[in-house]
Amino acid sequence: MKYDTLHPFPPEFLWGASTSGYQVEGAWDADGKGPSIVDARTDFPAGTADYTVASDHYHHAEEDVALFGELGLTAYRFSIQWSRVIPDGDGVVNPAGIAFYHRLIDALVDQGIEPVVTLYHFDLPLALAEKGGWGSRATIDAFVRYAQVLYREFGDKVRYWLTINEQNMMVLYGQSLDILDGPANRGVNVYQKNHHMLLAQARAMTLLHDTVPGALIGPAPNIAYVYPASPRPEDVIAADDFNAIRNWLYLDVAVHGRYHPVAWAYLEAKGLTPVVEAGDDEIMAAAHPDFLAFNYYATHTVAAPAPDGSVSDPSDMDQQIAVGEAGVFAAVSNPYLPKNAFGWEIDPVGFRMTFRAIYDRYHLPLLVTENGLGAFDTLEPDGTVHDQYRIEYLAEHIEQIQWAISDGVQVLGYCPWSAIDLVSTHQGVAKRYGFIYVDRTDDDLRSLSRHRKDSFAWYQKVIASNGLPG
Ligand code: BGP
């Protein structure tokens, strides 16, 4: 639908930006921090950086937050590293880790920036992974205890909490990227691990509501609407199936405390149903998110599964997306969408569609916790970075948020990925997302100095005018 005029962004709209702990902090073993599974990763493509130094935000936090203040952010979404706070995941608390996050949060609050805290972003403490990771119900208890430590420490300073970043991506792709719970646990049914994470999330939501009055919490999956490749009914069913398996499975449990019927039918058909113990359903049904956060990069397009069982469109192989599953769906490229330098499709209108689909199902306020363009940026000799392509990408997506608001969707805020350059999940430092350039490469730490990109000045104007400048 087209409107003659679009609704304005609400005055309290959160204009934010995002990072995650292990991708930005570095200092991977400083001041008592324990190793996490991402510190133990060895599967980096040749020539790409690991996370040991990252953007060295641990040692630049005050400088970085001052830049976020200058940018005008009203929210900053970041994650706390579980193994910085509790080095082995379920033992003693590390006071130096707690002190770092107090310093960070205090600096944000001083700048008038709302902290939006993710409890867990891919970085399970290695010691827990070695004891069975998410395959073990003991990890649920460890997660809840960790959440309790954070609520007690930071509950009076932090209003917005996120449970688990991209649980659905961890389940669908995490084993191959070693960001679920490490290679040693690959043999365990991934949907059993998923069930345990859903329980951990439910208990963490209920605990916050019981212990920190006024605090708000929600899940943060990666939600991307799935289009059928054509109006052929078999393609439409395949798209609906993949929507259920990829998106609604996670949000239905988070919001309604029950598995989506089609997703459950898929698990049954594949022999992947988790063991659900007595009391699990009650734990899930008792938990209620206050809002839904989601990360959005691009939609998917799928066709009915090929009769010969082949599943992939080769052009999609490099993307961190589905390539299809025999008997379920086949991923295809969408001929209407351009691609970025890394082969990811770009679909601003699909962003609007994704807002509508989520809001229509759950009627909860929505917070965008990631969206952005990975690109090769160039630091010019005079310290400038001309990233007009990023400005265009972000502008197109912000415009679609306004369309979604005009459609009646309640949107709390927008936190594009990323506030500052950091190390990508699997494509190193060269793939940059930030408003702030960090002077390092994949194999040379250089000065680690910070530089405002052109997108920095542009986003500053967007925030100051509470929407796209006219
Ligand atoms: C999301 C993750 C982020 C971030 C982002 C970009 O899946 O939550 O941690 O990495 O994607 O992906 P990539 O780094 O692979 O380009």
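Student: Where is the place of Ala54?
Tutor: This is a predicted model, in which local features need pLDDT of at least 70, side-chain atom pairs count only at pLDDT 80 or more, and totals for chains, interfaces and linings use all residues. Residues are numbered from 1 along each chain as its sequence is written, and side-chain values use heavy atoms, with hydrogens and water left out. Although Ala54 is not a glycine, its phi is positive, at about 50°. With helices (H or I, at least four residues) and strands (E, at least two) taken as DSSP runs numbered from the N terminus, Ala54 belongs to the loop between helix H1 (21-24) and helix H2 (57-71).

Student: Which residue does a cis peptide bond join to Trp417?
Tutor: The loop to look at lies between E11 and strand E12 (436-438), and it holds Ser418. The cis bond, with omega of about 10°, links Trp417 to Ser418.

Student: How many charged residues are in the shell around the ligand?
Tutor: The ligand is surrounded by 16 residues (each with a heavy atom within 4 Å of it), and the closest are Gln23, Glu166, Thr425, Lys431 and Tyr433. Ala, Val, Leu, Ile, Met, Phe, Trp, Tyr, Cys and Pro count as nonpolar, Asp, Glu, Lys and Arg as charged, and the others, Gly among them, as polar. By these classes the shell has five nonpolar residues and eight polar ones, while the number of charged residues is three.

Student: How much of the accessible area that the ligand has on its own does the protein cover?
Tutor: Among the polar contacts (pairs of N or O atoms within 3.5 Å), a ligand oxygen atom lies 2.5 Å from a side-chain N or O atom of Tyr433, and one is 2.8 Å from such an atom of Glu370. A polar side-chain atom of His426 is 3.3 Å from an oxygen atom of the ligand. Of the 380 Å² of accessible area (Shrake-Rupley method, 1.4 Å probe), the part covered by the protein is 99%.

Student: Which strands stand at the edges of the sheet that contains E11 and E10?
Tutor: Four strands, paired in parallel (at least two DSSP bridges for each pair), form an open sheet in the order E1-E11-E10-E7. Two of these strands have a single partner each, so one side of each is left without a neighbour in the sheet, and they are E1 (14-15) and E7 (292-295).

Student: What angle does the direction of helix H12 make with that of E7?
Tutor: E7 runs parallel to strand E10 (residues 366-370), with four bridges between them, and Phe294 stands opposite Val368 in E10. Helix H12 (residues 348-362) packs on this sheet and touches E7, E10 and strand E11 (411-414), contact meaning heavy atoms within 4.5 Å. With axes fitted to C-alpha atoms, for helices over the stretch in contact, and angles taken from 0 to 180 degrees between N-to-C directions, the angle between H12 and E7 is about 155°.

Student: By how much are neighbouring strands turned against each other, on average, in the sheet E2-E3-E4-E5?
Tutor: This open sheet of four strands has parallel pairing, and four bridges join strand E3 (residues 114-120) to strand E4 (residues 160-165), where Val117 stands opposite Trp161. With direction ignored, the average turn between neighbouring strands of this sheet is 25°.

Definitions and conventions. Polar contact = N/O pair within 3.5 Å; in protein donor to acceptor, adjacent residues only side chain to side chain.
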